[in-house]
Amino acid sequence: MTTSQARGIKHDIINDNSVAEYLQTYPDFFERNSSLLGKLRLPHVRDAGATVSLVERQVEVLRERNQALERKLKELVDVARANDALADRIHRLSQRLIRAHSLPEAIDAVETSLREDFDARNSVLVLFLDAAHPLEAPPSRFLRTANLTDAEIKTFESLLQSGKPRCGQIRDAQRDYLFGQDSVEIGSVALTPLGPKGVLGILAIGASDADRFHPGMSTEFLVRIGELVTYALTR
């Protein structure tokens, strides 16, 4: 390349774009002009007073890209491991539910799995029952019965109508109803309607960490858990 012309590119139109276009068109330019690599100097990004060669800068850029790829790969591996662990917990829940042969046993299996397999110690199962379908198991810290017409249940109407799990913050009245005296310890909640439009009940899992359950998280596994619990309670 001369000072006036570079393979048809006139001096008066040479600019950043034309140089970049030329180098992209002829990527072997520095191979054919290797002596230039030692002469070109670039400011060092971490030290404004120092300069590095083009080769050193290229190596630095490649190193930064490699580090970014390594971080992304680590994130993907962490997500895969978390999903695998969660799938294993759901498998254990399924095994417990298969061994249950009555409604009380199924309820006990759900509570035990949430506590031991999922480490969800603040969980509540609300079942909507009527006089025609009495529950043999007495209400407990985990289990409570209600009616769809109850005033407290009306506060969950939008959740039930959606028929989909919901994560994040809930109203104080909802939190107090679900978790009672322990409600002050609950920072976030995952709610899963059971049955079409929650006709069977609600499964609530609370966490002290306000960010443990948030609106942006995936609810796919909650859907699967809800389906398993619904089937076990109605078979």
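Strand 8 and strand 9 (residues 201-207) run antiparallel and are joined by seven bridges. The model that shows this pairing is predicted. Within the pair, Pro-193 stands opposite Ile-202 of strand 9.

Both strands belong to an open sheet of five strands. The strand order is 6-5-9-8-7, and the pairing is mixed. Strand 6 (143-146) and strand 7 (166-168) form the edges. Each has a single partner strand, so one side of each lacks a neighbour in the sheet. From one strand to the next, the twist averages 15°.

Two helices contact this sheet. Helix 4 packs on it and touches strand 5 (122-128), strand 6 and strand 9. The direction of helix 4 makes about 160° with that of strand 5. Helix 8 lies across strand 5, strand 7, strand 8 and strand 9. Relative to strand 8, helix 8 runs at about 45°.

The two helices also pack against each other. In general, the angle between the axes and the distance between them describe such a pair. For helix 4 (residues 103-116) and helix 8 (residues 220-234), the angle is about 160° and the axes are 8 Å apart. Helix 4 is therefore roughly antiparallel to helix 8, as angles over 145 degrees count as such. On the helix 4 side, the contact involves Leu-103, Ala-106, Ile-107 and Val-110. Helix 8 contributes Val-229, Ala-232 and Leu-233. Seven residues of this contact are nonpolar; none is polar and none is charged.

Thr-192 offers a view from a single residue. Thr-192 lies in strand 8 (residues 188-194). Its relative accessibility is 5%, so Thr-192 counts as buried; the cut-off for that class is under 20%. Residues up to four places away in sequence aside, Thr-192 touches Pro-165, Gly-201, Ile-202, Leu-203, Leu-222 and Gly-226. Ile-202 is also the residue of strand 9 that stands opposite Pro-193.

Values for the whole chain complete the description. The secondary structure of the protein chain comprises eight helices and nine strands. The chain has 235 residues, of which 32% count as buried. Contacts between residues at least 6 apart in sequence were also examined; 47% of them join residues at least 24 apart. The exposed area of the protein chain is about 15,100 Å². Carbon and sulfur atoms supply 52% of that area.

Terms used: Residues are numbered from 1 along each chain as its sequence is written. This is a predicted model: local features need pLDDT of at least 70, side-chain atom pairs count only at pLDDT 80 or more; totals for chains, interfaces and linings use all residues. Side-chain values use heavy atoms; hydrogens and water are left out. Axes are lines fitted to C-alpha atoms, for helices over the stretch in contact, and angles run from 0 to 180 degrees between N-to-C directions. Helices (H or I, at least four residues) and strands (E, at least two) are DSSP runs, numbered from the N terminus. Angles under 35 degrees count as roughly parallel, over 145 as roughly antiparallel, 65 to 115 as roughly perpendicular and the rest as oblique. Contact means heavy atoms within 4.5 Å. Ala, Val, Leu, Ile, Met, Phe, Trp, Tyr, Cys and Pro count as nonpolar, Asp, Glu, Lys and Arg as charged, and the others, Gly among them, as polar. Buried means under 20% relative accessible area, exposed over 50%, partly exposed in between (1.4 Å probe, protein chains only). Accessible areas come from the Shrake-Rupley method with a 1.4 Å probe; for residues, only the protein chains shown count as cover. Two strands pair if DSSP finds at least two bridges between them.
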